[in-house]
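Here are a few short exercises to work through with the model open beside you. Try each task before reading its solution.

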Amino acid sequence: MIVCPNCGMNLKFNIPLQKLYCDSCNSSFDPYAFDSKTSDGIEKAKDEGEEDTYEATVFTCPQCGGEIESTDTDITGFCSFCGASTIFYSRIKEEKKPDFILPFIKTKEECKAAFSAKAKRNPYVPKEYRDPSYIDGFRGIYMPYWSYNVDQKGPSSIPAELTHHSGDYIIHEHYKLSGDLDAFYHGITHDASSSFSDDISGAIAPYDVKQKKPFTAGYLSGFYADTADVSQEIYRNEVQSFADKHTTGLIKKEPPFRRYTFKDDPKMVKLNTKLAPAQKTLFPVWFLSFRKGDRIAYAAVNGQTGKVTADLPISLGRFYAGAAIISVLVFLLLNLIFTVKPRTTSVFALILSLITAFLYFFELNNMNIRDNKTDDKGYQSKIQNLDDPAKKRKVTAAVNVAAKNEHKASVPALVCLFGGAGVSLLGVLIKTIHDPFYYVIDVIAAILVAITLMFLIRDYNLLTTRPLPQFQKRGGDDNA
Ligand SMILES: [Zn+2]
Ligand SMILES: [Zn+2]
């Protein structure tokens, strides 16, 4: 907590001013005024006992174990991760200072406007998404990222090959292309929190890292921060191979090298790739959670650019109302334009059921990937590779939680799926001059497809929401 030197009240970071601001006496201060660094990153004369840590209050959610930090001492009573309204456990912690911070640029008002615009474009979202008091729950959270700098300098070589025909022979010529390389990548970032899903951080990327400022706790005032619990080692190989691939790609585009085929063997490619220790950087995110039963949906807005991502469940009632209006319109329109042969309608019905079946299985697969977080590197690193036995127990618990998230095709859905496809296939195969036969077939197929759609939407809502989080990650860092 930073206290106003003029009146003693709490100073908060004010986004439009980009300054610390006092609500009671209207004075504003440079965020670095209470710190040992200036905005240029130049160290001021150090005070006695100036540390590279700052004091934060860590709030732990008793429901899900999620943790969030604040430099202020209070938190309004709901958890951003699991949506529970709760009384948090809190403790004071000396937190190591991050290296850099991207201050919030988009205000909460701008964030709410951006989210509402997205929700409006989707006519089927639940009504809470349009409720101003509900979307007031957006919370400004700084998410920790690792920022990697890569240098590739000096004599380098890449194995390559030229292939040509001579008579009956195919001749392979092997080369070692070498030269002096001078390349660098600054600010390759990966999220450093296992509670922040990679799909969300990916969806609101990119951030303009050039606008980063040396960290000072003044920027945190009035906001929250998620703690970094993913080691910077986790992404090092990925960063290195990204830099290697990208540089090799650029070299290949140079005119003298275009005719060569580059060999992809990473052991043979020498690019002198060097990674400096990653810098911890805080990125601003406006974060909202929406709990429905035992599932949760998240919305996040990039606090620098205003880019929105949101899990948008479909309200079944709204969907069927919309679908009914559209089908009536389409039916009237088609009737006006041309008449279809009864048997052709069965072909349509068959195509429709096959598309529905494809969507259904596609969705199940996506749901399993999402819920088990198999694509989330930070999370996976947390539930594997833990050494001490106490942590191993937690790992087992985490795996048990993950195992529960297996989604299988439901029997009624399968019956409707294959029933719809089967019935319409009959219509396609059987030739008869009795038109009513096809109409009956079509009606049955349509009903079965409609029921499958209901299962599809129900599962889609599972896909656009997430299982309630259970954080296994904390506890190991208490001795910090
Ligand atoms: Zn004041
Ligand atoms: Zn929680």
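**Exercise 1.** Find the bridge partner of S166 in β9, then describe how β8 and β9 are joined.

*Solution.* Start at S166, whose bridge partner in β9 is Y169. Two residues lie between the strands of this hairpin, and G167 in the turn has a positive phi of about 60°. Now follow the strands away from the turn: β8 (residues 139–166) and β9 (residues 169–191) run antiparallel, joined by 22 bridges. Keep in mind that this is a predicted model.

**Exercise 2.** Compare the end-to-end distance of helix α4 (residues 236–253) with the span expected at 1.5 Å a residue, then work out how its buried residues are arranged.

*Solution.* First, the length: the 18 residues should span 26 Å, and the end C-alpha atoms are 26 Å apart, so the two agree. Next, pick out the buried residues of α4, which are V239, A243, T247 and I251. Seen down the axis of α4, these fall within an arc of 95°, so they line one face of the helix. That buried set packs against β8, β9 and β13 (273–275). Finally, turn to the face away from the buried side, where the exposed residues N237, S241, G249 and K253 sit.

**Exercise 3.** Which residues touch the most other members of the largest nonpolar core?

*Solution.* This core has 65 residues, and those with the most such neighbours are I141, Y142, M143, F283, V285 and A300. Take I141: beyond its neighbours within four places in sequence, its contacts include I68, F223, V285 and F287. A second, separate core has 17 residues, among them L350, A357, I441 and L456.

Note on methods. Residues are numbered from 1 along each chain as its sequence is written. Chains are lettered from A and ligands numbered from 1 in the order in which they are written. This is a predicted model: local features need pLDDT of at least 70, side-chain atom pairs count only at pLDDT 80 or more; totals for chains, interfaces and linings use all residues. Two strands pair if DSSP finds at least two bridges between them. Helices (H or I, at least four residues) and strands (E, at least two) are DSSP runs, numbered from the N terminus. A nonpolar core is a set of buried Ala, Val, Leu, Ile, Met, Phe, Trp, Tyr and Cys residues joined through C-beta atoms within 7 Å. A residue is buried if 20 or more other C-beta atoms lie within 10 Å of its own, exposed if 12 or fewer, and partly exposed in between; C-beta atoms are placed from the backbone. Two residues are in contact if their C-beta atoms, placed from the backbone, lie within 7 Å. The expected span of a helix is 1.5 Å times one less than its number of residues. The arc is that of the directions from the helix axis to the C-beta atoms.
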